[in-house]
Amino acid sequence: MSYQRVEQVKKRPPFALWDLLIYGILAVAVVLLFVVFVFTADKSAIEGVQILFQDEVAYTYSFEEGGTAAQGYESRFALTEENGKIVLIAYADDTREHFNRIEIDETEKSVKVTDSNCSRHRDCVFMDEIKTKSGVIICVPHAMKVVPLDGKQDFSNPTVG
Amino acid sequence: MKKSIGKTIVSAICALPVLFGTACADEPTLLGYTSFAYFNTQATWAFLSEEEEASQANVDLWGSICERLSQIEESLSTGNEESSISRFNAANAGDKVEIDFTAYTVLSEAKRIYEKTDGAYNPAVGLLVDLWGFTPRFTDPFSDAPDMPYDRDNYTTTLPAQDYIDNFRALSDFSSVLLEEEGGKYYATKPSSAVWERTDEEGNVVETYTMQVNLGGIGKGYAVDEVHAIMREAGQQYGYFNLGGSSISVLQNYFSEENEKGLRPQSVGMNNPRKDVFSAPTYASVLVADSCLSTSGDNELYYPFGEQRFCHIINPHTGYPVNGDPQNPTGSGIITASVSGLSASEGDATTTALMVMGKEGALAYIEEYLSDKGVTFVYYDGVEKTYTVYTNLSENILTLNVEGMARVQI
């Protein structure tokens, strides 16, 4: 860049009118996203949870009706009861070497991952318990998600088998 | 330059509604209810609604469906000691047991299909189902059922004793069960020969077993037929009822185009039976309209045993889980089968029977009895390690969703 060109750029105002407009729109978008995701988050109590492996529903636990594994996932879950809480072991594969221990408190209506051998950091174990419908726990190494049981299901693609 | 910036801003503003939601369309909505309270599985009823919320009529209809499911389960469940089937199972050989109408109807249908499939579908393998570890006392963690003498510490490394397999198989002659109606009451008589007394080395009787019936292969199908009747009676035209993916009763799909019969078919995904081999969630999709589709597979309940997979479907001829007998070390055989066009109860039992029959037997049965129905099965060749889809449905009706499965038109 020539010296003359550098001088020209230096003399320009720090923000052109269109730049300010774009920054303004971005700021509005940020605020909007903040409002949408923070203030409008569904704070209602959960009725249960679904456990998804690779985005496929593998297990559903309803506080009212208990738990059911989806077809083909029956051998990937073990349910027990410890100290008045439901303990669900979710195995990441059929070898049963990789697991997440999910604790379901039916009294408090909360769900938490309490143990896992997914990684050294075990991020999923330190994620907040799910108590409201906006909660979610994700275990990336096991491709597992725990999401609230939601009434708004998609019924358009039934499956069998 | 200024024009293009302006266009960008306008485009960004126009995109905001897309990002944050769009206005509601006037089209009706597909709504549904789900319950996990029946048959240890998920029941889903889907229906079309003009409103975003279910009407009181829909709430009432769902109540009727749940009530009927509960009645059927109370009658057929082996987990409920008071059910007709539990009382039959608890009876001594030769006893005549009063059963309710539902149990009588399902047992009669089971007997008809038992005879039609030459015993390939056999609900009297209840003891074998328990021996191999597939009854509720294994699958229900809160079951308080007692341990049995034949239980094993490790099911994935230890086979049951052969005398249990042989004698439990001998107790499964379902043709000898007598079903009667007398004066508006219904009875089932357990055959007097259906008893085995196991003795110790000194000849003392240490264990006694009688025939046990397990209607897992037909009960859910019967429940789907009953819900189908409820939906029809209520005048429901669109939607479906799916019970655990075992059987689904499909009406029509409002959102699809009419087929040549003037019906709007619903696409139903058929779950991939080998998720460790194929990544797609479903191996195929099939179009169904105003019909029931039933499926059985070795991917529902199973555990590995060496190179084999022991599943909950028992071959009544061998006493082993289907495709799991010692003569078949590679595990070759039909791993999932589906039938549409039959009642759900017959479809449920027939798909179990097809898996038991094996490829050649199933093809012969399809030719004789199911040529006008929609049949699909996946055959696994354990030697070549290949998967082949056999179907009599056209490519317009059945679409494969995975690569690596060959297709053979029956």
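**Close-ups of a two-chain predicted model**

**Figure 1. The two domains of chain A.** In this predicted model, the C-alpha centres of domain 1 and domain 2 of chain A sit 44 Å apart. Domain 1 of chain A takes in residues 3–39, and domain 2 covers 48–148.

**Figure 2. Where chain A meets chain B.** Here 25 residues of chain A make contact with 42 residues of chain B. On the chain A side, five elements chip in with at least two residues each: α2 (17–39), β2 (56–62), β3 (66–69), β4 (77–82) and β10 (159–160). The largest share comes from α2(A), which puts in 4 residues. Sort that side of chain A by class and you get 13 polar, 8 nonpolar and 4 charged residues.

**Figure 3. A strand pairing that crosses between the chains.** Zoom in on β10(A) and you'll find it paired with strand β10 of chain B, residues 266–271. The two strands run in the parallel sense, joined over 2 bridges. For one of the residues to look for, pick A:T159: its bridge partner in β10(B) is B:G269.

**Figure 4. The four-stranded sheet of chain A.** This is an open sheet of 4 strands, in the order β4-β5-β6-β7, and the pairing is antiparallel. At the edges are β4 and β7 (110–116) of chain A, each with pairing on one side only. From one strand to the next, the twist averages 25 degrees. To follow the register, start with β4(A) and β5(A) (residues 85–91), which are linked over 6 bridges in the antiparallel sense. Within that stretch, A:E81 stands opposite A:I86 of β5(A). Remember β4(A) from the interface view: it is also among the elements that supply at least two residues to the side of chain A that touches chain B.

**Figure 5. Chain B as a whole, before the next close-ups.** Chain B is built with 9 helices and 19 strands. Its C-alpha trace spans about 100 × 55 × 45 Å along the principal axes. Of its 410 residues, 46% are buried. Looking at contacts in chain B with a separation of 6 or more, 58% are between residues 24 or more positions apart.

**Figure 6. Two helices crossing in chain B.** The pair on show is α2 (residues 56–76) and α4 (residues 101–116) of chain B, whose axes come within 8 Å and cross at roughly 70 degrees. That angle falls between 65 and 115 degrees, so α2(B) and α4(B) count as roughly perpendicular to each other. On the α2(B) side, the residues are B:Q71, B:I72, B:S75 and B:L76. They meet B:T102, B:A103 and B:V106 in α4(B). The contact divides into 4 nonpolar and 3 polar residues, with no charged ones.

**Figure 7. Two loop residues with positive phi.** Most residues other than glycine have a negative phi. A:A143 has a positive value, near 50 degrees. You'll find A:A143 in the loop between β8 (137–139) and β9 (144–148) of chain A. Over in chain B, B:N323 has a positive phi of about 65 degrees, though it isn't a glycine. B:N323 is in the loop between β14 (308–311) and β15 (333–340) of chain B. Are these residues buried or exposed? A:A143 has 15 C-beta neighbours inside 10 Å, so it counts as partly exposed. B:N323 has 24 inside 10 Å and therefore counts as buried, the cut-off being 20 or more.

Notes:
Residues are numbered from 1 along each chain as its sequence is written. Chains are lettered from A and ligands numbered from 1 in the order in which they are written. This is a predicted model: local features need pLDDT of at least 70, side-chain atom pairs count only at pLDDT 80 or more; totals for chains, interfaces and linings use all residues. Two residues are in contact if their C-beta atoms, placed from the backbone, lie within 7 Å. Ala, Val, Leu, Ile, Met, Phe, Trp, Tyr, Cys and Pro count as nonpolar, Asp, Glu, Lys and Arg as charged, and the others, Gly among them, as polar. Two strands pair if DSSP finds at least two bridges between them. A residue is buried if 20 or more other C-beta atoms lie within 10 Å of its own, exposed if 12 or fewer, and partly exposed in between; C-beta atoms are placed from the backbone. Domain bounds come from an automatic or database domain assignment. Axes are lines fitted to C-alpha atoms, for helices over the stretch in contact, and angles run from 0 to 180 degrees between N-to-C directions. Angles under 35 degrees count as roughly parallel, over 145 as roughly antiparallel, 65 to 115 as roughly perpendicular and the rest as oblique.
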